[in-house]
Amino acid sequence: MSNFPTFTYAVGLPARTLIGANYSTNSLLAPGYPNEWEFFARWQPVSQEAGAPLSAALHGGWKEAAGSAGGGLSLARRVGPFPVVAAARAFSAGF
């Protein structure tokens, strides 16, 4: 068994926005790339903590080694101490 660390570099911006990158030190899915980068942006337009009935977030990204764009929508609502989360994702090239 091998371990390939992944590092996340990100910065929070105003209006509940985050931009960043994930860097993986090896990619088993793209052997032609010794390292793999994913660049992403996330935006949370509504938040339950700010008084909305639920939290919603949009995610968009680009995986360099796979040449794939992807995006997603997540919805979450805290019920007592537990979050209930639903997510939908789409990719231009899944593998």
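**Figure 1. The open sheet of six strands in the predicted model.** In this predicted model, six strands form an open sheet in the order β1-β2-β3-β4-β5-β6, with antiparallel pairing. The edge strands are β1 (6–13) and β6, each of which pairs on one side only. Neighbouring strands of the sheet are turned by 20° against each other on average, with direction ignored. The chain contains zero helices and six strands, and its pattern along the sequence reads β-β-β-β-β-β. The radius of gyration of the chain is 16 Å, well over the 12 Å that the globule rule gives for 95 residues, so the chain is more spread out than a compact globule. Along the principal axes, the C-alpha atoms fill a box of roughly 45 × 30 × 25 Å. Of the 95 residues in the chain, 20% are buried.

**Figure 2. The hairpin of β1 and β2.** Strand β1 pairs with strand β2 (residues 17–24) in the antiparallel sense, and eight bridges connect the two. Among the bridge partners, T6 is matched with S24 in β2, and A10 stands opposite G20 in β2. Three residues lie between the strands of this hairpin, where A15 takes a positive phi near 65°.

**Figure 3. The pairing of β2 with β3.** On the other strand pair that involves β2, eight bridges join β2 to strand β3 (residues 36–46), and the two run antiparallel. Within this pairing, I19 stands opposite A41 in β3. Strand β3 also holds V46, a residue that reappears in the view of the nonpolar patch.

**Figure 4. The salt bridge between K63 and E36.** A search of the whole structure finds one salt bridge. The salt bridge is formed by K63 and E36, whose closest N and O atoms are 3.5 Å apart. K63 lies in strand β4 and E36 in strand β3, so the pair ties together parts that are 27 residues apart in sequence. How do the two partners differ in their exposure, buried or partly exposed? K63 has a relative accessibility of 31% and therefore counts as partly exposed. E36, at 15% relative accessibility, counts as buried.

**Figure 5. The hairpin of β4 and β5.** Strand β4 (residues 55–63) and strand β5 (residues 68–79) are paired in the antiparallel sense over nine bridges. One of the residues to follow here is A57, whose bridge partner in β5 is S74. The hairpin has four residues between its strands, and G67 takes a positive phi near 60°.

**Figure 6. The hairpin of β5 and β6.** Strand β5 is joined by 10 bridges to strand β6 (residues 82–91), and the two run antiparallel. In β6, P83 is the bridge partner of R78, while A86 is the bridge partner of L75. Two residues lie between β5 and β6 in this hairpin, and G80 in the turn has a positive phi of about 65°. Strand β6, an edge strand of the sheet, is hardly covered: among its 10 residues, the count of buried residues is zero.

**Figure 7. The nonpolar patch on the surface.** Which residues form the nonpolar patch on the surface? The patch consists of W43, V46, L54, L58, L73 and L75, which together have about 460 Å² of accessible area. The elements that give two or more residues to the nonpolar patch are β3 and β5. V46, found in strand β3, has a relative accessibility of 34% and so counts as partly exposed. L75, another member of the patch, has A86 in β6 as its bridge partner.

Key: Residues numbered from 1 in each chain as written. Predicted model: local features only at pLDDT ≥ 70, side-chain atom pairs only at ≥ 80, totals over all residues. Heavy atoms only, no water. Pairing = 2+ DSSP bridges. Axes fitted to C-alpha atoms, helices over the stretch in contact; angles between N-to-C directions. Buried < 20%, exposed > 50% of the residue type's maximum accessible area, 1.4 Å probe, protein only. Patch = residues over 30% accessible without salt bridge, like charges linked within 9 Å, V, L, I, M, F, W, Y side chains within 5 Å. Areas by Shrake-Rupley, 256 points an atom, 1.4 Å probe, with all protein chains shown as cover. Salt bridge = Lys/Arg side-chain N within 4 Å of Asp/Glu carboxyl O. Rg over C-alpha atoms; globule rule 2.2 N^0.38 Å.
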